[in-house]
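Please open the structure in your viewer and keep the sequence beside it. This tour goes from one selection to the next and says what is to be found at each stop.

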Amino acid sequence: MNSEKMNSEKINSLLEKYWNCETSVQEEKELQTFFSGNSVPEELRQYVPLFSYIKDEQSISLSDGFSERLQNAFGVEGEGKERYITIRIFRPLLRIAVSVLLVVGMGVSFYFISKQDNRPQFVETFEDPNAAMQHAAYALEKLSHALRKSETASVETIQFIDDLDIDWIAIDSLNKDNPVEIDSVESEE
């Protein structure tokens, strides 16, 4: 009984280490051995499928001839065929061709960029900085006035809707539990 309690305490500490990813390979094997036995306490039986699954998955191996079948499926032929030799021969020429294409492409790009009309799109039209400041202040004042008007209109609209005394629950189209038919909503004017 005392050795079972000692064993249970050791298993619980190993499980704690296992959940914290702190166990060694030897400790994990010890857990697998313990949970594959018949003397697993009732409170730990919930972990038996996990450790038996791990043990089963580790025992899976490739079948005989797997490598040959895989090579045949990909069409890999024996080593040293001519196609690999020709690629090795043309590798320096391919590098030179890619470099030439890159230089020609950059040259053509620079040519077309230099031929573009590169006038600035936004040009300062004011000679006097004070005149520019006055126009900017005027534009900002107009913008402020428009924003205040729209805010006032929004507040008036919301107040008007609040004054209508509408039964929003009856109008709610998402209220599927108690659908209410409404012929018309009368507003107070």
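**First stop: two helices that cross**

Select helix α2 (residues 25-36) together with helix α3 (residues 48-58), whose axes come within 9 Å and cross at roughly 115°. Here an axis is a line fitted to C-alpha atoms, for helices over the stretch in contact, and angles run from 0 to 180 degrees between N-to-C directions. Helices (H or I, at least four residues) and strands (E, at least two) are DSSP runs, numbered from the N terminus. Show the side chains of Leu 31, Gln 32, Phe 35 and Ser 36 on α2, and of Val 48, Phe 51, Ile 54, Lys 55 and Gln 58 on α3, since these residues make the contact, where contact means heavy atoms within 4.5 Å.

Before going on, note that this is a predicted model, in which local features need pLDDT of at least 70 and side-chain atom pairs count only at pLDDT 80 or more, while totals for chains, interfaces and linings use all residues. Residues are numbered from 1 along each chain as its sequence is written, and side-chain values use heavy atoms, with hydrogens and water left out.

**Second stop: Gln 32**

Now select Gln 32 alone, which has its place in helix α2. Is Gln 32 buried or exposed? Gln 32 counts as buried because its relative accessibility is 9%; buried means under 20% relative accessible area, exposed over 50%, and partly exposed in between (1.4 Å probe, protein chains only). Leaving aside residues up to four places away in sequence, Gln 32 touches Phe 51, Ile 54, Lys 55 and Gln 58.

**Third stop: the loop after α2**

Move to Val 40, which is found in the loop between α2 and α3 and counts as buried, because its relative accessibility is 4%. Not counting residues up to four places away in sequence, Val 40 touches Phe 34, Phe 35, Arg 45 and Val 48. Add Ser 8 to the selection: its C-alpha atom and that of Val 40 are separated by 9.1 Å, although the two residues are 32 residues apart along the chain.

**Fourth stop: two positive phi values**

Go back to Cys 21, in the loop between α1 (2-19) and α2, which is exposed, with a relative accessible area of 71%. Most residues other than glycine have a negative phi, whereas phi of Cys 21 is positive, near 60°. Then select Asp 165, which follows α6 and has a positive phi near 55°.

**Last stop: α6 and the whole chain**

Select helix α6 (residues 129-163) and compare the distance between its end C-alpha atoms, 51 Å, with the span expected for its 35 residues at 1.5 Å a residue, which is also 51 Å, so the two agree. The expected span of a helix is 1.5 Å times one less than its number of residues.

Finally, show the whole chain, whose secondary structure comes to seven helices and zero strands. Buried residues make up 9% of its 189 residues.
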